[in-house]
Amino acid sequence: MYRFLAFFWLFIGLALLILPEIYPDLKERELMANHVAMAGFCFALSMYNMIRWRLIRARQLEMEREREESQRRNDTGRPIDPNFDFSDAPPKEDKS
């Protein structure tokens, strides 16, 4: 999601910079008077979203590495002691 937003804001920022150069009559409008400042704001939002995406992705990769390492550490090939195996549901008790 953040990567999509980063590219979206980048596209909007580029459009704000390029369109007034292609169509000079757009510079005369009040909305486009600050097109460079608005483009800079869009670029800032783009960079924020790109950094945010990268940090989340790095955290996910780190968690995945830790999970693989813990599985490798726990999977030693030894048989599991049935007294400490809690992976199955407990047996049902009869209420007589």
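Reasoning from Cut-offs in a Two-Helix Model

Visitor: Why does serine 46 count as buried?

Guide: The relative accessibility of serine 46 is 6%. Buried means under 20%, and serine 46, at 6%, therefore counts as buried. This value, like every other one discussed here, is computed from a predicted model. Serine 46 belongs to helix α2, and leaving aside residues up to four places away in sequence, its contacts are Ala6, Trp9 and Leu10.

Visitor: What makes asparagine 49 buried?

Guide: Asparagine 49 has a relative accessibility of 5%. Because the limit for buried is under 20%, the 5% of asparagine 49 leads to that label. Asparagine 49 is also placed in helix α2. Beyond residues up to four places away in sequence, asparagine 49 touches Tyr2, Leu5, Ala6 and Trp9.

Visitor: How do you know that the side chain of asparagine 49 makes a polar contact with the backbone oxygen of leucine 45?

Guide: A polar atom of that side chain and the backbone oxygen of leucine 45 are 3.0 Å apart. The limit for a polar contact is within 3.5 Å, so the distance of 3.0 Å meets it.

Visitor: How many buried residues, as a percentage, does the protein chain have?

Guide: Of the 96 residues in the protein chain, 11% are buried. The chain exposes about 8,800 Å², and carbon and sulfur atoms supply 60% of that area.

Visitor: Why is the aromatic pair of phenylalanine 8 and tryptophan 9 called edge-to-face?

Guide: The structure holds one aromatic pair, and in it the rings of phenylalanine 8 and tryptophan 9 lie 5.2 Å centre to centre, with 70° between the planes. Centres within 6.5 Å make a pair, so 5.2 Å qualifies. Planes over 60 degrees apart count as edge-to-face, and 70° therefore gives that name.

Visitor: Are the two residues of this pair, phenylalanine 8 and tryptophan 9, buried, exposed or in between?

Guide: The relative accessible area is 36% for phenylalanine 8 and 25% for tryptophan 9. Partly exposed covers values between 20% and 50%, so phenylalanine 8 and tryptophan 9 are each partly exposed.

Visitor: What makes the contact of glutamate 62 and arginine 65 a salt bridge?

Guide: The side chains of glutamate 62 and arginine 65 meet at 2.9 Å, N to O. The criterion is a distance within 4 Å, so 2.9 Å satisfies it. The structure holds one salt bridge. Glutamate 62 and arginine 65 are separated by about one helical turn, because they are three residues apart in helix α2. Glutamate 62 is partly exposed at 35% relative accessibility, and arginine 65 is partly exposed at 48%.

Visitor: Which residues form the nonpolar patch on the surface, and what makes valine 36 eligible for it?

Guide: The patch consists of Phe7, Leu10, Leu14, Leu17, Ile18, Leu19, Ile22, Tyr23 and Val36, with about 790 Å² of accessible area together. Helix α1, residues 2-22, provides the largest share, seven residues. Valine 36 lies in helix α2, residues 35-74. A patch residue needs over 30% relative accessible area, so valine 36, at 54%, passes. Exposed means over 50%, and therefore valine 36 counts as exposed.

Visitor: Why is phenylalanine 7 called partly exposed?

Guide: Phenylalanine 7, in helix α1, has a relative accessibility of 47%. Partly exposed lies between 20% and 50%, so 47% leads to that label for phenylalanine 7.

Visitor: How many residues apart in sequence are valine 36 and leucine 17, and what is their distance in space?

Guide: Valine 36 and leucine 17 are 19 residues apart in sequence, with 6.3 Å from C-alpha to C-alpha.

Notes: Residues numbered from 1 in each chain as written. Predicted model: local features only at pLDDT ≥ 70, side-chain atom pairs only at ≥ 80, totals over all residues. Heavy atoms only, no water. Phe/Tyr/Trp six-rings, centres within 6.5 Å; stacked < 30°, edge-to-face > 60°. Buried < 20%, exposed > 50% of the residue type's maximum accessible area, 1.4 Å probe, protein only. Patch = residues over 30% accessible without salt bridge, like charges linked within 9 Å, V, L, I, M, F, W, Y side chains within 5 Å. Areas by Shrake-Rupley, 256 points an atom, 1.4 Å probe, with all protein chains shown as cover. Helix = DSSP H or I, 4+ residues; strand = E, 2+ residues; numbered from the N terminus. Polar contact = N/O pair within 3.5 Å; in protein donor to acceptor, adjacent residues only side chain to side chain. Contact = heavy atoms within 4.5 Å.
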